[in-house]
Amino acid sequence: MHLLIGTAVLALALYLVAGLGLLCRLFGFGPMVFRGRRGLILSAVVAAVLLHAIALYALVFGAQGMDLGFFNALALVGLLVACIGLAAFLKPAFESLGLVVFPLAGASLLAAELLTHDVLLLQGGGWPLYTHILFSLLAYSLLSVAALQALLLAVQERRLRRGGAGGFLSGLPPLQEMERFLFQLITVGFALLTLALFTGLIFVHNLFTQHLVHKTVLSLLAWFVFAVLLWGRWRFGWRGRTATRWTLAGFVTLMLAYFGSKLVLELILGRHWGLMS
C-alpha cells in the first residue's frame, strides 16, 4: 500500500514538473532547460503516465473483478485525459492544455490512493460491458478536454475583444485553429458517446435495479446537446460564445450523468452495487 502511495506521489510530482515546464515555456521565464527544450517536459509526462497506469492497474484490477468506485473511475479518466494531453503536447500549438490536464491527472490518482471508499465490483459481463465502459470513459475524457479547450478559447476571444493578446495568449494558435481543434475533439467525443449509449443498451437489462435511470436520461440529454452543437456548427457555422456555451452545457450534463450519479449513489447514499453477467 505504501509503495502504491509513493508511486502516486511520484506521478503527481512528475505531472507538476511537466506543468511547471509548460508554464515557463508559455510565459518565457524560469530555467532555460524548460524554455528552450521540450524533451524534459515530454520525458516527465511519459514517466508520469506510466506510473499512473501502474498504480491504477493495482487499484482497479483484483481477483474478484474490476473496482470502478468513484475515486478509481476518476483516476482512470485522469489517466485517459493525461494521454490526450500528451498527444496534444506532441503538437506544440496545443501544448498549453497540459497546464491544467497534467496536474489534475496527478491529483486524481493521489485521491484514489488516499481517500477510502467501498469497493464497486464489476464481475463478468462479457465484452458488451467492457466495450461500453471503454467507450464511455473515452467519450467522457475527450469531452472533458473539449470543455477545457472551450474555456481557453473563451478567455482568448474575450482578451482579443478587449485589445489585449499578451501573456500566455501570445503562445496560443489563432482563434480559427483553436475552434477547429475544439470541434475535432467534440466530433470524436460525440461519436464515442454514441457508441457508449448503443453498447449500454446491449448489456443493461434492468435500469431500475442498477440505479441507472437518471444516468441514462442525463447521458441522452448530453448527447442531444452535443448533437445540436454539431448540427449548428454545420448548418449555421456556430462559433465563439455560442460554441463555448453549448460545449460547457453538454459537458456539465455529462459530468452529472456519470460522476454526479456516482457521487450521490456511492458517497452520499452508500448504495454500492456490482454489475454481474
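A residue is called buried when its relative accessible area is under 20%, exposed when that area is over 50%, and partly exposed in between. By this cut-off E95, with a relative accessible area of 8%, is buried, and the same vocabulary is used throughout this report on what is a predicted model.

## Overall make-up

The chain has 277 residues, of which 48% are buried. Its secondary structure comes to nine helices and three strands, and these elements follow one another along the sequence in the pattern α-α-α-β-β-α-α-β-α-α-α-α.

Two of the helices can be described through their length and their cover. Helix α4, which runs through residues 70–89, contains 20 residues and reaches 28 Å from its first C-alpha to its last, close to the 28 Å expected at 1.5 Å a residue. This helix is mostly covered, since 17 of its 20 residues are buried. Helix α5 spans residues 98–114, and its 17 residues should cover 24 Å at 1.5 Å a residue, a value that agrees with the 24 Å between its end C-alpha atoms. The buried residues of α5 include G98, V101, F102 and A105 towards the beginning of the list, together with G106, S108, L109, L110, A111, A112 and E113. As general background to such lists, an α-helix has 3.6 residues a turn, so residues three or four places apart point the same way.

## Salt bridges

The structure holds three salt bridges, and their partners and closest distances are collected below.

| Acidic partner | Basic partner | Closest N to O distance |
|---|---|---|
| E95 | R38 | 3.1 Å |
| E179 | R233 | 3.8 Å |
| E179 | R239 | 3.2 Å |

The side chains of E95 and R38 meet in a salt bridge with an N to O distance of 3.1 Å. This pair links distant parts of the chain, for E95 is in the loop between α4 and α5, whereas R38 is in the loop between α2 (32–36) and α3 (39–60), and the two residues are 57 residues apart. Their surroundings can be described separately: E95 is buried because its relative accessible area is 8%, while R38, with a relative accessible area of 22%, is partly exposed.

The bridge between E179 and R233 has its closest N and O atoms 3.8 Å apart. E179 lies in helix α7 (residues 175–203) and R233 in helix α8 (residues 213–236), so this pair ties together parts that are 54 residues apart in sequence. E179 has a relative accessible area of 5% and is therefore buried, whereas R233, with a relative accessible area of 28%, is partly exposed.

E179 also forms a salt bridge with R239, in which the closest N and O atoms are 3.2 Å apart. Because R239 lies in the loop between α8 and α9 while E179 lies in helix α7, the pair ties together parts that are 60 residues apart in sequence. R239 counts as partly exposed, at 41% relative accessibility. Through shared partners, the salt bridges join E179, R233 and R239 into one network.

## Surface patches

On the surface, R158, R162, R241 and R245 gather in a patch of positive charge. One of these residues, R245, is found in helix α9 (residues 240–268), and R245 counts as exposed because its relative accessibility is 58%.

A nonpolar patch is also present on the surface, formed by W231, W234 and F236, which together have about 440 Å² of accessible area. W234 lies in helix α8, and its relative accessible area of 68% makes W234 exposed.

## Contacts between parts separated in sequence

Helix α8 also holds V225, which, at 10% relative accessibility, counts as buried. V225 and G250 are 25 residues apart in sequence, and their C-alpha atoms are 5.4 Å apart in space.

Elsewhere in the chain, L4 has its place in helix α1 (residues 2–27), and L4 is partly exposed, with a relative accessible area of 22%. The C-alpha atoms of L4 and H52 are 9.9 Å apart in space, while the two residues are 48 residues apart in sequence.

Note on methods: Residues numbered from 1 in each chain as written. Predicted model: local features only at pLDDT ≥ 70, side-chain atom pairs only at ≥ 80, totals over all residues. Heavy atoms only, no water. Helix = DSSP H or I, 4+ residues; strand = E, 2+ residues; numbered from the N terminus. Expected span 1.5 Å × (residues − 1). Buried < 20%, exposed > 50% of the residue type's maximum accessible area, 1.4 Å probe, protein only. Patch = residues over 30% accessible without salt bridge, like charges linked within 9 Å, V, L, I, M, F, W, Y side chains within 5 Å. Areas by Shrake-Rupley, 256 points an atom, 1.4 Å probe, with all protein chains shown as cover. Salt bridge = Lys/Arg side-chain N within 4 Å of Asp/Glu carboxyl O. Lys, Arg positive; Asp, Glu negative; His and termini not counted. Charge placed at Lys NZ, Arg CZ, Asp CG, Glu CD.
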